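Student: Could you take me through one part of this model closely? I would like the strands at the start of the chain and what lies around them, with the terms explained.

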Amino acid sequence: MPNVFITGARTGIGLELVKTFADHGWYVRAACRQTEVFPEDAKGGGVQVVALDVLDPANIEHVAALLKDQPIDVLLNVAGVFDSVSNTVDDDTLLTSMSDMTRVFQTNTIAPRIIAEWLLPNLHLGTERLVVTISSVMGTFATLDDYHACHWLYGASKAAVTYAMTAFAKTSPDVKSVLIHPGWVKTHMGGKDAPLDPAEVAEKIYLLIENHKDRLPNGVFVDVDGSVMER
Ligand SMILES: NC(=O)c1ccc[n+]([C@@H]2O[C@H](COP(=O)([O-])OP(=O)(O)OC[C@H]3O[C@@H](n4cnc5c(N)ncnc54)[C@H](OP(=O)(O)O)[C@@H]3O)[C@@H](O)[C@H]2O)c1
């Protein structure tokens, strides 16, 4: 049975990916920071809930130790945060603002790369040797208009994770690193006006991985239909 390790697994796209991979017969390690409120309907024989706050280095180290010598076929970096409260700075809240800003980069950019590095021995033991990271079109220069400029922090963190995980494809060429833009999806982050359903997006991501992983070049950035994205 193939297996997948998914971060940000409690809600949104991550949760739907847990259900989708489990439905297709994969063993799923569903990593989230609030395991006690992981949805009951997503628990089952093939789903193991793992405590992981991607901002906590000790927690990452602990998970890597827990999984020592166990293969991981696919790592799916899904956990992410938007920048809605922290993309401007005023004098009174400079310290708080900069700390919030750093948190966006730590979550969206640094954590996916560090987790891939810490789980690299497990990926080497797996059969697929694949890391998939959810990035965003908001991290591309092609979309940099006035609206997106106001969300420069999120966009910059996603541009940076696209770079970081493309660089991972070069520093660890024996493991394939793929970046995916999921589209604008109806989740806590995407909001209620988003046109795409998270379950449908999760199924497309699953099919992309299952059917096209071998033909996707290492370091590629694609949308859920497999079309190559501009950076
Ligand atoms: N929705 C869209 O339109 C869209 C578009 C492009 C890209 N994306 C990307 O897709 C990914 C999933 O987002 P979503 O739309 O599904 O939004 P979401 O429902 O808000 O999910 C974000 C997930 O990230 C988790 N997370 C945040 N900080 C974490 C931390 N420190 N440790 C562990 N988990 C953490 C959250 O966990 P908690 O449950 O504990 O809060 C939550 O489960 C993100 O990377 C996002 O940037 C989304």
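Tutor: What follows looks at the first strands, then the ligand, then two helices. This is a predicted model, in which local features need pLDDT of at least 70 and side-chain atom pairs count only at pLDDT 80 or more, while totals for chains, interfaces and linings use all residues. Residues are numbered from 1 along each chain as its sequence is written.

Helices (H or I, at least four residues) and strands (E, at least two) are DSSP runs, numbered from the N terminus. Strand β1 covers residues 3-6 and pairs with β2 in the parallel sense, over four bridges. Two strands pair if DSSP finds at least two bridges between them. Within this pairing, Asn3 stands opposite Tyr27 in β2. On to β3: this strand, residues 47-51, runs parallel to β2 and is joined to β2 by five bridges. Here Ala30 has Val49 of β3 as its bridge partner.

Strand β2 itself spans residues 27-32, and five of its six residues are buried. Buried means that 20 or more other C-beta atoms lie within 10 Å of the residue's own; with 12 or fewer a residue is exposed, and in between it is partly exposed, the C-beta atoms being placed from the backbone.

Helix α1 joins the picture too, as β1, α1 and β2 make a right-handed β-α-β unit. Right-handed means that, with the strands pointing away from the viewer, the path from the first strand over the helix to the second runs clockwise. Helix α1, residues 12-23, also gives three residues to the shell around the ligand, the largest share. That shell has 27 residues, of which Gly8, Gly12, Gly80, Met189 and Gly190 come nearest. A residue is near a molecule if its C-beta atom, placed from the backbone, lies within 6 Å of it. By class, 13 residues of the shell are nonpolar, eleven polar and three charged. Ala, Val, Leu, Ile, Met, Phe, Trp, Tyr, Cys and Pro count as nonpolar, Asp, Glu, Lys and Arg as charged, and the others, Gly among them, as polar.

For a contrast with the covered strand β2, take helix α5, residues 146-150, which holds Cys150. Cys150 counts as partly exposed because 14 C-beta neighbours lie inside 10 Å. Ala149 also has its place in helix α5. Ala149 is exposed because it has 11 other C-beta atoms within 10 Å. In helix α6, the buried residues include Leu153, Tyr154 and Phe168.
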